[in-house]
Amino acid sequence: MAEKGKFYITTAIAYTSRKPHIGNSYEIVLTDAIARYKRLQGYDVFMLTGTDEHGQKIEEYAKKAGVTPKEYVDKVSGEIRDICDLLNTSYDKFIRTTDPYHEKTVQKIFKKLYDQGDIYKGHYEGMYCTPCESFWTESQLVDGKCPDCGREVKPAKEEAYFLKLSKYQKRLEEFIENNENFIYPEARKKEMLNNFIKPGLQDLCVSRTSFKWGIPVTFDEKHVIYVWIDALSNYITALGYDPDGSSDLYKKYWPADVHIIGKDIVRFHTIYWPIMLMALGEPLPKQVFGHPWLLFGEDKMSKSRGNVIYADDLVKLLGVDAVRYYLVSEMPYANDGSITYETIIERYNSDLANTFGNLVNRTIAMQNKYFDGVVQAPCYEPECKYVEDEELKTFALDTVDKVEKCFETYRVADAVDAVLNLAKRSNKYIDETAPWALAKDETQISRLGTVLYNLLEAIRYIAILLSPFMPETSEKIFEQMNCDIKDYDSLKEFGALKPGTKVGEAKALFARIDAEKMLAEIAEKQKENAKEEAAAKPEIEGLAQIQFDDFAKVELRVAKIEQCEPIKKAKKLLKLQVNDGSAELRQIVSGIAPWYKPEDLIGKSVIIVANLKPAKLCGEMSNGMLLAGDVSENDVKVLFVDGMPAGTKIR
């Protein structure tokens with residue numbers, strides 16, 4: 001097959017805070033499937049993945065663990081790479097941001113941007129969210145908390161270096177508008193332009209002095225280079241980019257054809273990263289694809305919720321290819337996907353055991369039973385033409401086109417579905433032709449040979465098209481067929497399978513799972529794990545204990561909501577006027593708009609913190625806070641106390 005050119009594809013590098021769950025592993029399998037498909041087509045592919053290892057969060061995790069930051073990230077990075085290998089991903093390079101060559105190049109990048117005036121020294125004062133490693137102004141906070149993750153923020157003031165995003169704003173805006181496929185899907189493009197770029201870009205803080213675990217600024221060593229320049233540069237440092245002269249590998253593969261990233265970091269990859277490249281005078285990546293999240297049921301996975309599933313545990317239960325299949329097939333194109341043990345087992349039995357496995361098993365078994373395994377020459381003469389044969393051939397050829405079109409826009413789940421449908425059509429073909437009935441009639445032996453040939457050829461198509469998703473299963477199918485015609489070009493015409501080949505023994509690809517039994521075993525294992533974790537934890541781990549006098553300082557009061565309205569340009573905020581028994585109504589701004597409409601709240605009695613220091617949120621003063629419960633990460637319920645008089649003190 002003639003080479004079609006280069007194709008450089010990357011994942012986001014995984015943060016080394018802790019072992020990744022199955023939702024994190026989705027991205028590497030998705031990226032690997034795309035990389036394998038492009039190789040199948042004849043592209044010279046380079047796939048990059050790796051780990052992001054610096055920052056305040058890592059420093060804090062390491063301190064709690066009683067180890068150095070380097071020891072901590074060595075362990076977690078090793079776990080992440082082990083999972084990549086376990087999932088049979090074909091990355092060409094695994095970069096770590098603690099690799100010495102990366103650190104040196106990042107220092108050179110920082111110095112170059114500083115020398116040319118794109119980075120300058122100043123001071124940052126604002127609210128800092130450690131988990132997100134982000135600074136926020138008071139007006140950007142929601143209910144006084146980080147607008148991205150909802151966690152507590154702390155006041156921070158420190159000397160810092162800044163990257164001049166504002167200098168490149170117009171150029172970036174024009175680039176995005178002139179390159180319609182740069183941000184994919186389309187909805188993410190609109191979000192970046194309308195919500196972030198067009199309202200005006202603020203210069204970006206790119207150094208810190210309040211922690212040490214980072215790459216030092218060479219000319220000002222009390223500063224460490226902040227996450228964005230460090231982490232985002234990995235896409236070029238891995239190829240050998242150097243401001244003083246880059247490697248042949250960099251010249252060959254850059255710009256990247258696509259960055260595959262989670263939807264939550266699209267902003268960093270489509271605003272900060274392009275501006276960094278513009279400032280360096282380097283080409284921008286051709287495309288950034290922001291994929292959705294894989295949720296546990298309807299909730300985001302979280303260790304604190306106890307709903308985390310790990311890739312290695314799933315592989316032990318189902319095998320590598322079954323896990324890969326579920327990950328790439330279950331995730332919709334633009335919406336969040338879902339994973340539960342019940343749905344995994346259901347898809348395993350229906351798609352893998354019943355559809356793919358059953359098709360291969362009974363076809364190979366019939367070839368052995370009726371022709372001693374020898375593939376017969378098909379009869380394609382006019383007198384041998386049957387409608388069902390032509391339909392199967394057309395379906396197989398159309399499937400190749402469908403899969404190709406799906407991969408062009410990274411609709412990988414749709415590509416999997418197209419291959420599954422070919423397997424279903426092949427099973428239908430068995431029912432239509434009834435080989436067992438043909439075998440009873442000696443005059444139909446030639447017809448039987450043709451039917452089985454068509455089935456084996458359809459299975460060959462399936463095996464090739466499945467190889468990006470389930471490489472081991474694809475090889476097992478070829479082994480059972482005793483076939484070595486695996487190249488993509490062989491799919492241009494139906495009929496490349498060689499007559500006279502003798503197939504191997506029919507073996508089950510996927511044994512059916514007893515769902516009830518497996519779910520019971522999983523539940524029992526979860527109980528054991530919960531007991532072990534509970535025994536290892538102190539009684540009130542993570543709770544800051546306070547004195548009674550501290551609690552007594554909080555004044556809780558019943559208040560009746562008299563008026564309520566949304567705040568323009570603030571999707572999460574509602575402005576309430578409440579009667580707390582005082583002479584005048586009190587104004588409170590609350591981030592409950594995702595869960596309540598104004599009409600749901602007017603007339604309701606709630607509990608408020610009456611002596612909270614006033615704060616300005618999105619330009620509106622808030623004099624208090626409502627009490628509400630985090631039922632789940634995506635569900636908040638306000639505490640209503642209807643029937644209690646306004647002004648009643650709660651104690």
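Which residue just after α4 takes a positive phi? That one is G117, at about 85°. Before I go on, one caveat: this is a predicted model, so take everything I say today as read from a prediction.

Okay, let's stay with α4 for a second. This helix covers residues 100–115, and its end C-alpha atoms are 23 Å apart. At 1.5 Å a residue, its 16 residues should span 22 Å, so the two values agree. As for what's tucked away, the buried residues in α4 are H102, T105, V106, Q107, I109, F110 and L113. So you've got a histidine and a glutamine in there along with the nonpolar side chains.

Next up, S90. You'll find S90 in the loop between α3 (69–86) and β4 (93–96). Is S90 buried or exposed? S90 has 18% relative accessibility, and the cut-off for buried is under 20%, so S90 counts as buried. Its side chain has a couple of polar partners. One is the side chain of D32, with a polar contact of 2.6 Å. Another is the side chain of R39, at 2.7 Å. If you ignore residues up to four places away in sequence, S90 touches D32, R36, R39 and M47.

On to the sheets. There's an open sheet of 4 strands, in the order β6-β5-β7-β9, and the pairing is antiparallel. At the edges you have β6 (134–136) and β9 (204–205), each pairing on one side only. In the middle of that order, β5 (residues 119–129) and β7 (residues 154–163) are joined by 10 bridges, antiparallel. If you want a landmark there, H123 has E159 in β7 as its bridge partner.

Then there's an open sheet of 3 strands, ordered β10-β12-β11 and again antiparallel. Here β10 (207–208) and β11 (215–216) are the edge strands; each has a single partner strand, so one side of each has no neighbour in the sheet. The pairing of β10 with β12 (residues 224–225) rests on 2 bridges, and S207 sits across from I225 as its bridge partner.

Cysteines, since somebody always asks. How many disulfides does a search of the whole structure find? It finds 1. The pair is C379 and C384, with their sulfur atoms 1.9 Å apart. That link is right-handed, with 70° about the S-S bond, and both C379 and C384 are buried. C146, on the other hand, is in no disulfide; its nearest cysteine sulfur belongs to C129, and that's 3.8 Å away. C146 is buried too, with a relative accessible area of 2%. And C483 counts as buried at 9% relative accessibility.

Now the cores. The largest nonpolar core has 108 residues, and the ones with the most contacts inside it are I9, I22, I34, L314, F356 and F469. Helix α17 (residues 445–466) gives the largest share of this core, 14 residues. Take I34 as an example: leaving out neighbours within four places in sequence, I34 is in contact with F7, I9, I260, F407, Y410 and V412. A second core, separate from that one, has 64 residues, including I13, L48, L163 and V227.

Let's jump further down the chain. E516 is in helix α19 (residues 515–536), and with a relative accessible area of 69%, E516 is exposed. Its C-alpha is 9.8 Å from that of I345, although the two residues are 171 residues apart along the chain.

Last stop, β19 (residues 586–590). Why is β19 described as largely enclosed by the rest of the structure? Because 5 of its 5 residues are buried. R586, I588 and S590 point one way from the strand, Q587 and V589 point the other way, and all of them are buried. So R586 is an arginine on the buried list. The partner strand is β18 (residues 570–579), which runs antiparallel to β19 and is joined to it by 5 bridges; V578 is the residue opposite R586. The hairpin of β18 and β19 has 6 residues between the strands, and in it G581 takes a positive phi near 90°.

That brings us back to where I started, with G117 and its positive phi just after α4. Okay, over to you for questions.

Key
Residues numbered from 1 in each chain as written. Predicted model: local features only at pLDDT ≥ 70, side-chain atom pairs only at ≥ 80, totals over all residues. Heavy atoms only, no water. Buried < 20%, exposed > 50% of the residue type's maximum accessible area, 1.4 Å probe, protein only. Polar contact = N/O pair within 3.5 Å; in protein donor to acceptor, adjacent residues only side chain to side chain. Contact = heavy atoms within 4.5 Å. Pairing = 2+ DSSP bridges. Disulfide = S-S within 2.5 Å. Expected span 1.5 Å × (residues − 1). Core = buried A, V, L, I, M, F, W, Y, C linked by side-chain atoms within 4.5 Å.
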